[in-house]
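Hi everyone, thanks for having me. Today I'd like to walk you through one structure, so please have the sequence and the 3D view open as we go.

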Amino acid sequence: EAVTLEQVAMVSLTGLSEALDSFCIQYLGLGSLPCLLALLVLRWVWQSLGISQQLVDLLAGFASPPKVCVPPTELECRRGDPASGEPCRKFKYAAEWPSWPKTSVPCWDPATSEFLGEVPALDENMVVQMVDRARKAQRSWQSSSFAQRRHLMRTIHRFVLDNMETICTVACRDSGKTVIDAMVGELTVTLEKLRWTAAYGEQYLQPEYRDSGLMNLHKTSRVEWVPVGVVGAIVPWNYPFHNVFNPLIAAVFSGNAIVIKVSEFSAWSSIYLGRAIRACLEAAGAPPDLVQLATGYGEAGRALVENSDKVIFVGSVAVGRKVMESASKAPILTPVILELGGKDPFVVCDDAQVDEALTQLVVRGAFQNMGQNCAGPERFIVYDAIYDDFCTKVSGLVRGLRQGPPLGADYQAVDCGACVHPPSLENYQKLVDDAVAKGARVLCGGQRSASLPDGQFFEPTVLADVTEKMLIAQEETFGPILSIFRVHAKGGQAAQDDEAVRLANACRFALSSCAHSADDARAARLCSRFEAGMASVNDIEGTTYLSQSLPFGGFKDSGFGRFAGPEGLRGLCHERAIVRNRASFLRPSIPPAIAYPANGQGEAFCRGLNLLLYGMGPLQRLQGLCGLIGAAMVPAAGRADSADAKKRPAAGQEQSADAKKKKT
């Protein structure tokens with residue numbers, strides 16, 4: 001019988017597999033399959049840790065990152081009561097803030113109202129000078145190697161690891177969050193961004209070669225990513241450490257300088273962060289003015305927008321519109337990236353198991369950093385079959401949360417801290433009161449904490465029976481309020497899923513989202529229908545931010561543009577398209593048929609060329625080739641006739657010459 005090619009190939013593969021298996025057992029003591037799995041794991045570890053890049057950087061002269069020491073002050077490292085035992089000065093926001101001189105910014109601990117001092121409020125001229133210094137620093141930094149930029153990333157990385165306790169203390173004192181919230185929200189995501197940028201950033205900023213097209217087969221086509229220059233960032237108060245380092249990392253690694261205007265409600269931490277950043281820059285050999293922090297009010301922010309080469313703004317929709325307006329009034333139009341918050345849906349299907357794991361996930365998502373998160377669940381859309389069970393278990397866990405000063409004597413037992421922004425506390429109460437008046441039930445919380453009068457505390461709140469007609473269904477809460485919506489049991493599964501999607505999309509924000517179901521495919525289908533820039537299947541939507549390879553951002557009133565991932569790095573660069581001959585001896589020339597002056601064959605030549613290159617089939621392409629040859633052959637004679645015509649005077653000119661000769 002004839003032996004088929006497939007049989008021969010199978011016998012060969014079987015023999016090769018047996019030989020490989022025998023070799024692995026003899027010399028490694030394991031079968032070929034375990035060895036292959038081990039190699040895959042080692043490859044993943046090698047890539048994740050960036051070991052090959054570290055070896056390259058070592059050969060380039062950049063050894064292990066240096067240790068950076070920034071001695072903290074007593075306030076920057078103190079946990080518990082002051083050592084002196086004396087009562088501290090309390091800052092009274094309602095009485096002092098309106099009349100405070102606009103030459104400085106007052107700072108206080110939102111958990112205790114302890115007055116922390118003041119920082120200067122920069123005016124327009126001061127910000128312009130700051131941008132000018134950054135521009136000079138960027139001119140030298142833009143030519144830095146990626147090895148040097150990675151060295152800076154690793155220097156910052158080591159500083160963060162060596163000073164986690166101090167960084168958390170500073171962030172907690174300035175924003176009122178708990179130490180756990182700071183560890184996760186300030187440090188973990190920053191360390192992941194540093195790791196990803198150092199390991200993968202270069203490959204996304206290298207020139208990218210692309211298809212040259214049929215007309216440019218003799219050329220190469222590529223895109224280069226050119227630093228914009230000076231990036232201006234205006235960041236909010238919810239994460240004072242991460243909000244500074246998030247744009248900093250992307251800006252400096254892509255070859256830019258950056259000036260960051262911190263919020264006037266979390267300006268105190270900029271003192272420590274400014275010292276730390278300058279020390280890291282110096283230790284890594286980077287220009288000291290490459291990164292600068294600005295403090296102040298609206299005047300400082302407006303000056304930064306109008307003088308930067310690109311602006312990143314994170315904040316409210318109202319202020320985002322003002323940023324766009326200022327950017328349009330700059331002498332040269334300033335491009336902007338806007339991240340304006342969200343109203344993220346957290347959908348729980350009727351087949352989801354409302355157990356301890358899900359309940360913990362819900363409460364952590366709602367009350368991490370007291371709900372003051374750009375991407376955080378605010379609308380819990382729960383199916384009718386599990387609605388009551390969900391409300392009971394979630395509210396039961398929330399009632400047991402302990403709230404208090406995050407740096408007090410018993411700080412390790414505190415679950416929930418304070419809120420940063422005093423005006424927001426009044427807005428929380430307004431939203432709760434409106435919801436209750438329109439039929440919502442308060443399952444727990446619902447007001448400012450009466451037991452903690454010195455700080456800016458709002459009780460962790462759970463609202464049930466929330467509907468679309470309530471203000472809290474449409475306005476961004478940005479606070480410790482968990483709102484539960486009911487998906488009524490009308491129709492089958494498809495109808496309920498449609499209603500859940502409708503509720504999720506009935507909002508002007510579109511930042512992040514998530515869906516939970518025992519059927520993973522069902523949860524994925526729901527996520528694919530959400531109007532959101534990000535989605536997480538069967539997990540809290542914030543997990544997308546832990547993957548720093550992914551772009552962060554949304555659409556609708558959540559803004560536009562992205563940070564994080566390749567898009568975040570490239571978003572701080574100009575795209576430059578470059579076409580170049582594949583060989584130096586190739587020179588451009590215009591075919592005679594379309595050269596000046598026209599000879600009447602240009603249209604036929606172009607028609608033939610289009611058919612030859614882009615015809616729909618062999619017949620059309622052959623037709624185009626014939627037409628092209630025909631049109632290309634005619635111009636030579638035609639152009640010669642044209643040249644003779646130029647040399648030969650016209651009939652009228654000849655007569656005029658004869659007449660002139662006779663007259664002479």
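Let's begin with a term we will need: a crossing of two helices is called left-handed if the near helix is turned anticlockwise from the far one by less than a right angle, and right-handed if it is turned clockwise. Please also keep in mind that this is a predicted model.

Now let's use that term. Find helix α17, residues 493–505, and helix α18, residues 520–529. α17 passes α18 in a right-handed crossing. Their axes are 10 Å apart, and the angle between the two helices is about 40°. Angles from 35 to 65 degrees fall outside the parallel and perpendicular ranges, so α17 counts as oblique to α18. Which residues of α17 and α18 meet? From α17 come Q493, D497, D498, V501 and N505, and from α18 come R522, L526 and R529. Sorted by type, the residues of this contact are two nonpolar, two polar and four charged.

Let's set a second helix pair beside that one. Helix α7, residues 146–162, packs with α10 at an angle of about 160°, and their axes are 10 Å apart. Angles over 145 degrees count as roughly antiparallel, so that is the word for α7 and α10. Here, too, the crossing of α7 past α10 is right-handed. On the α7 side we have F146, R149, R150, L152, M153 and I156, which meet F245, L248, I249, V252 and F253 of α10. How do the residues of this contact divide into nonpolar, polar and charged? There are nine nonpolar, no polar and two charged.

Next, the sheets. One open sheet has six strands in the order β7-β6-β5-β8-β9-β19, with mixed pairing. At its edges stand β7 (291–294) and β19 (559–560), each pairing on one side only. Our friend α10, residues 242–253, packs on this sheet, touching β5, β6, β7 and β8, and its direction makes about 165° with that of β6. Within the sheet, β6 and β7 pair in the parallel sense over four bridges, and I258 stands opposite V291 in β7.

Stay in this area for a moment and look at helix α12, residues 298–307. Which of its residues are buried? They are A300, G301, A303, L304 and V305. The cover over them includes the strands β5, β6 and β8, along with the helices α6 (124–141) and α13 (317–329).

The other sheet I'd like to show you is also open, with seven strands in the order β12-β13-β14-β11-β10-β16-β17, and its pairing is mixed. β12 (441–444) and β17 (536–537) are the edge strands, each with a single partner, so one side of each has no neighbour in the sheet. Further in, β10 (residues 344–348) and β16 (residues 514–516) pair in the parallel sense over three bridges. If you want one pair to click on, V348 has H516 in β16 as its bridge partner.

Last stop: a single residue, N369. You'll find N369 in the loop between α14 (356–367) and β11 (377–383). Is N369 buried or exposed? Its relative accessible area is 2%, so N369 is buried. Leaving out residues up to four places away in sequence, N369 touches K177, D181, N238 and Y239.

That's the tour. Thanks for listening!

Terms used. Residues are numbered from 1 along each chain as its sequence is written. This is a predicted model: local features need pLDDT of at least 70, side-chain atom pairs count only at pLDDT 80 or more; totals for chains, interfaces and linings use all residues. Side-chain values use heavy atoms; hydrogens and water are left out. Buried means under 20% relative accessible area, exposed over 50%, partly exposed in between (1.4 Å probe, protein chains only). Contact means heavy atoms within 4.5 Å. Axes are lines fitted to C-alpha atoms, for helices over the stretch in contact, and angles run from 0 to 180 degrees between N-to-C directions. Angles under 35 degrees count as roughly parallel, over 145 as roughly antiparallel, 65 to 115 as roughly perpendicular and the rest as oblique. Ala, Val, Leu, Ile, Met, Phe, Trp, Tyr, Cys and Pro count as nonpolar, Asp, Glu, Lys and Arg as charged, and the others, Gly among them, as polar. Two strands pair if DSSP finds at least two bridges between them.
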